[in-house]
Amino acid sequence: MEHENLIKARKEKGLTQKEMAEMLAMEQTTYSKKERGISRIRENEWASFAKILDKDIEVLKRKTKELPNNHEYDHITNLNVIEMIIRYTQKLEEENFLLKELVKKTIMTKGQKK
């Protein structure tokens, strides 16, 4: 939906589109088109909506980010986890290599002292 926050606020207030339209002195179909983004909402209308719904204009206007569907979201999350595991594994391999080199040097140093 185009104006999800407007719709949500109207429903939270317990108002139907028809009731909202009556308070705004417009037809229900006109109001519905505004809610769906088919018709433009003018600034004075936003102010009226905010007053009726007891909400800040900017909150009503704000578009919510659409999340990808769950399958896509899960796939992206899984790829991120795999990438993190690969980076961590590489770091462990580097540390393991450095520790082996340190052990070799320590053994060689002790062998030379004898």
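How many salt bridges does the structure hold? The count is 9, and some of them get their own panel below. Keep in mind that this is a predicted model.

**Figure 1. The whole protein, an all-helix chain with 6 helices and 0 strands.** Read along the sequence, the pattern is simply α-α-α-α-α-α. Of the 114 residues, 21% are buried. The accessible surface comes to about 9,400 Å², and carbon and sulfur atoms account for 55% of that area. If you look at contacts between residues at least 6 apart in sequence, 54% of them join residues at least 24 apart.

**Figure 2. Helix H1 and what covers it.** Here Asn 5, Leu 6, Ile 7, Ala 9 and Arg 10 are the residues of H1 to look for, since they are buried. Their cover includes H2, H3, H4 and helix H5 (57–61). Just past the helix sits Gly 14, with a positive phi near 80°.

**Figure 3. Arg 10, a buried arginine in helix H1.** Is Arg 10 buried or exposed? Its relative accessible area is 7%, so it counts as buried. Setting aside neighbours within four places in sequence, Arg 10 is in contact with Leu 15, Thr 16, Gln 17, Met 20, Tyr 31, Glu 35 and Leu 53.

**Figure 4. The largest nonpolar core, made of 15 residues.** The residues with the most contacts inside this core are Leu 6, Met 20, Leu 24, Tyr 31, Phe 49, Leu 53 and Leu 60. Helix H1 (4–12), helix H2 (17–23) and H4 each put in at least two residues. Which helix gives the largest share? That would be H4, with 5 residues. Zoom in on Leu 60 and, leaving out neighbours within four places in sequence, you'll find it touching Asn 5, Leu 6, Ala 9, Trp 46, Phe 49, Ala 50, Leu 53 and Lys 55.

**Figure 5. An aromatic cluster of Tyr 31, Trp 46 and Phe 49, linked by ring pairs.** The whole structure has 2 aromatic pairs. In one of them, Tyr 31 and Phe 49 sit edge-to-face, 5.6 Å centre to centre with 85° between the planes. Tyr 31 belongs to helix H3 (residues 28–35) and Phe 49 to helix H4 (residues 43–53), so this pair ties together parts that are 18 residues apart in sequence. Tyr 31 is buried, at 0% relative accessible area, and Phe 49 is also buried, at 0% relative accessibility. Then there are the rings of Trp 46 and Phe 49: their centres are 5.9 Å apart and their planes meet at 75°, so this pair is edge-to-face. Trp 46 and Phe 49 are both in helix H4, 3 residues apart, or about one turn of the helix. Trp 46 is buried along with Phe 49.

**Figure 6. A loop-to-loop salt bridge between Lys 13 and Asp 54.** The closest N and O atoms are 2.5 Å apart. Lys 13 lies in the loop between H1 and H2, while Asp 54 lies in the loop between H4 and H5, so the pair ties together parts that are 41 residues apart in sequence. Lys 13 is partly exposed, with a relative accessible area of 39%, whereas Asp 54 counts as exposed at 58%.

**Figure 7. A salt-bridge network of Lys 34, Arg 42 and Glu 45.** Within it, the side chains of Lys 34 and Glu 45 meet at 3.1 Å, N to O. This pair links distant parts of the chain, with Lys 34 in helix H3 and Glu 45 in helix H4, 11 residues apart. Both partners are tucked away: Lys 34 is buried at 6% relative accessible area, and Glu 45 is buried at 8%.

**Figure 8. Two features of helix H6: a salt bridge and a surface patch that includes Leu 79.** The side chains of Glu 83 and Arg 87 form a salt bridge of 2.9 Å, N to O. These two residues are 4 apart in H6, so about one helical turn separates them. Glu 83 is partly exposed at 46% relative accessible area, and Arg 87 is partly exposed at 47%. Leu 79, Ile 82 and Ile 86 make a nonpolar surface patch with about 270 Å² of accessible area together. Leu 79 lies in helix H6 (residues 70–113) and is partly exposed, at 46% relative accessibility.

Key: Residues numbered from 1 in each chain as written. Predicted model: local features only at pLDDT ≥ 70, side-chain atom pairs only at ≥ 80, totals over all residues. Heavy atoms only, no water. Patch = residues over 30% accessible without salt bridge, like charges linked within 9 Å, V, L, I, M, F, W, Y side chains within 5 Å. Areas by Shrake-Rupley, 256 points an atom, 1.4 Å probe, with all protein chains shown as cover. Salt bridge = Lys/Arg side-chain N within 4 Å of Asp/Glu carboxyl O. Buried < 20%, exposed > 50% of the residue type's maximum accessible area, 1.4 Å probe, protein only. Phe/Tyr/Trp six-rings, centres within 6.5 Å; stacked < 30°, edge-to-face > 60°. Core = buried A, V, L, I, M, F, W, Y, C linked by side-chain atoms within 4.5 Å. Contact = heavy atoms within 4.5 Å.
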